[in-house]
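Subject: Structure for you to look over

Hello,

Here is the structure I said I would pass on. My notes on it follow below.

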Amino acid sequence: MMHSIQPWWQKGVVYQIYPRSFQDSNHDGIGDLQGIIQRLDYLAGLGVDAIWISPFYPSPMADFGYDVADYCGVHPLFGDLATFDRLVSEAHQRGLRIIVDYVPNHTSDQHPWFQESAASRDNPKRDWYIWRDARPDGSLPNNWGSVFGGPAWTRHPATGQFYLHQFLKEQPDLNWRNPQVHQAMFDVLRFWLQRGVDGFRMDVIGMILKDAELRDNPLNPQANPNLPENDIFGRQIHLYNEDQDDVHEIMRGIRQLMDEAGGRVAIGELWFPPKRWVRYYGQNNDELHLPFNFRLMEQPFTASTIRASVDEMEALLPAWAWPNYVLGNHDQPRLASRIGPAATRLAAMLLLTLRGTPTLYQGDELGMENGVIPPERIQDPQGLALGAERSRDVCRTPMQWDASPFAGFSTVEPWLPVSAGYVTQNVAALDADPKSILTLYRRLLQLRRASPALHGGSYAPLDTPEPVFAFIRDSESETCLVALNFSDQPASLSLTQTGRIVLSTHLDRREVRGRNLELRPYEGVILAL
Ligand code: GLC
Ligand code: CA
C-alpha cells in the first residue's frame, strides 16, 4: 500500500451539507453560508475532511437550487461571493476542504442563456438548448419523460417549438453538443477552481449528452405497474437520453482540468448498472475520481446482500480505481427510516470501515429519521408531482443543534418543519452523552483517520454466514477485523486468532477476545489483530 502518496480524497471523509437546512444565521428560516461558517468548528470536531455543499447559486428555487440562474454567483438568501470566499478560507484554516455542486445538465429557465435562446428561432444562443418541432402528426418530438413526471418536452408559445427538460419544465437541458456550451460550462469549473474550491460533485453528469438523433426510448416491460400515471420516465429503458458513449470524452476533459489545477476531486452522480457505472472512472484513470456508488442504499440491509454488493464493486474496479460508498443524501429517505433506528450504529461502522471514501449526509450522525411533513407544507416538486410518498422533503428538515425552539437551526419557523424528536435528538444533547450515536460517529472518524488499515488498507471478506458480515482491513503496519451483526438477535463468530476490541458500536467494550466473538443484536466491533 502506498500510504504516503494517498490523496486527501481517498483518505478523507466527505460530509454533505444541504445549505437551506443546515444553519440559518439571519433569522429568515432558511440556512445560509454564514450559518455554515458558524458551524465549521462542529464539522472539524466531528472529524470529517471535506464538505460538499448542495447548490447555493442564484436560482428561482423551482428545484431548490438545482435550477441555476447564474453559475458564478451566490443567491442572496445564502449570502454573496465574499461570504463564499470567507467560507473557503475559514474551512481551509481548519483543514476542511470545500466541494461545490456543479449542475451541468440543465439551467433554470430564468438563466440569461435560456432567455436568449427562447427569444427567437435565430437567436445566436438558440442551439444552446435542445429545441425541436412537433412531429408531423402534431405529437411531441419524442417519447421521453421527465424525472419529475410528465413528458420531457414543453412547447414555448412565442417560437412554436418544444424544448427538452429531463427534470422540471423550469430546468431546460443544455445542448452539450454545441461547442460554445461546452466551453461556457468548462469556464464555470475554472471560475470555482480559481476561487479555491477543492472539488466538484457533478449533478446527473451521465445525462448531459443525449442521442444525437433523440430517438424514442424503448418501454421497460419490467417497470413497476403501480407507478403514477404521469411517471413516463419510470416506464422507459433509458437507452437514448443518458449514458451515451461519447459522454466519456467530456469526462476526460473534466479530468484534465482537475489534473491541471492539482489536488482537486471530481465526484459524479451516476446511477447506471455496475458495468456502465465503472466506465466513468475512465479506461486509464482519466475520467472521474469517484463516480458515486449508491448501491448500498439500494440493497436490503442484510449481511449477505451488503457483502455481495461490496464484493461486486471490489471485483469490478481496476487496480488504480478507488471505491466509495454513500448511505444517504438529500434525495433519499433518511437512512434511519430505511433500515430502522436499531441498525443505524451498525450502518455507521459499515460506512466508515469499508475500503473507499465515505460520504455522510448531514443529520445521519444524529440518527435523524424522516421528517413528518403536513400535506400543505410539502415543498419538493417531486413530491408535488408524483405523490407525497416520493417527496424528498422528509430528508431535508432542519439540522437539529439543540433543544431550543426550532432546534437551534433558526429563531423563526423554518422553511420545513423541525422534526418532533429534536428535543432529545440534537447535537448538544448527544454530544454530552458518551454512548450516543454522535459519539460513535466521532470515534469512528477519529479511528479511521488514525488507522492506515482503515483509510488505506486492503479489503478481504471472511466467509461468515448470516447474520454477520466480517472483513479484514490490512496495511503494512496494522491489521483490523470488522465484524458486523445485521440482526436483532445475538450472533457469534469464531476467529482464527485473538484480537483486541478497539471499538464497539455500543461504546462499552474494550477487551481482548479469544477464538470466539459474541455480538449483541446489531452490534459491530473493530478488532486490532
Ligand atoms: C440530482 C439532484 C437532485 C435534483 C436533480 C435535478 O438528482 O441530486 O436533488 O433534483 O439532480 O438537478
Ligand atoms: Ca438565512
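Strand β2 (residues 50-53) is covered on both of its faces: A50 and W52 point to one side, I51 and I53 to the other, and all of them are buried. Please keep in mind throughout that this is a predicted model. On one flank β2 pairs with strand β1 (residues 14-17) in the parallel sense, over four bridges. Strand β3 (residues 97-102) also runs parallel to β2 and is joined to it by four bridges. W52 is a convenient place to check both pairings: Q16 stands opposite it in one, and I99 in β3 is its bridge partner in the other.

Ligand 1

Which residues are closest to ligand 1? They are D63, D203, E269, H330 and D331, out of 13 residues that surround it. Three side chains have polar atoms that come close to oxygen atoms of the ligand. For D331 the distance from a polar side-chain atom to a ligand oxygen is 2.5 Å. For H106, an N or O atom of the side chain is 2.9 Å from an oxygen of ligand 1, and for H330 the value is 2.9 Å.

D63 sits in the loop between β2 and α4 (81-93). With a relative accessible area of 6%, D63 is buried. Its side chain makes a polar contact of 3.1 Å with the side chain of R392. Setting aside neighbours within four places in sequence, D63 also has F148, L168, Q171 and P381 among its contacts.

T107 belongs to the loop between β3 and α5 (112-119). It has 0% relative accessibility and so counts as buried. The side chain of T107 makes a polar contact with that of Y129, at 2.8 Å. Beyond four places in sequence, the residues that T107 touches include V68, Y71, W113, F114, E170, Q171, P172 and L174. T107 and Y71 are 36 residues apart in sequence, and their C-alpha atoms are 8.7 Å apart in space. Q171 is in contact with D63 and is touched by T107.

Calcium ion

Ligand 2 is a calcium ion whose protein donors are D24 (OD), N26 (OD1), D28 (OD), I30 (O) and D32 (OD), at 2.2 to 2.4 Å. The spacing of these donor residues in sequence is D-x1-N-x1-D-x1-I-x1-D. Are D24 and D32 buried or exposed? D24 is at 6% relative accessibility and therefore counts as buried. D32, at 2%, counts as buried too.

The antiparallel sheet

Further along the chain, six strands form an open sheet with antiparallel pairing, in the order β12-β13-β14-β19-β16-β17. β12 (458-461) and β17 (512-513) are the edge strands; each has a single partner, so one side of each is left without a neighbour in the sheet. Helix α12 (residues 344-353) packs on this sheet, where it touches β13, β14, β16 (499-504) and β19 (524-528). The direction of α12 makes about 150° with that of β14. Helix α15 (residues 437-450) lies across β16 and β19, at about 130° to β16.

Within the sheet, β13 (residues 468-474) and β14 (residues 479-485) pair over seven antiparallel bridges. R473 has C480 in β14 as its bridge partner.

Backbone points to check

Most residues other than glycine have a negative phi, and most peptide bonds are trans. Three places depart from this.

- The peptide bond between E466 and P467 is cis, with omega about 0°. P467 lies in the loop between β12 and β13.
- N285 has a positive phi, near 55°. The residue is found in the loop between α8 (274-277) and β9 (290-291) and is partly exposed, with a relative accessible area of 34%.
- F406 has a positive phi of about 65°. This residue is in the loop between α13 (381-386) and α14 (427-431); at 24% relative accessible area, F406 is partly exposed.

Regards

Methods
Residues numbered from 1 in each chain as written. Chains lettered and ligands numbered in written order. Predicted model: local features only at pLDDT ≥ 70, side-chain atom pairs only at ≥ 80, totals over all residues. Heavy atoms only, no water. Pairing = 2+ DSSP bridges. Helix = DSSP H or I, 4+ residues; strand = E, 2+ residues; numbered from the N terminus. Contact = heavy atoms within 4.5 Å. Axes fitted to C-alpha atoms, helices over the stretch in contact; angles between N-to-C directions. Donors = N, O, S within 2.8 Å, 3.2 Å for Na, K, Ca; no water. Buried < 20%, exposed > 50% of the residue type's maximum accessible area, 1.4 Å probe, protein only. Near = heavy atom within 4 Å. Polar contact = N/O pair within 3.5 Å; in protein donor to acceptor, adjacent residues only side chain to side chain.
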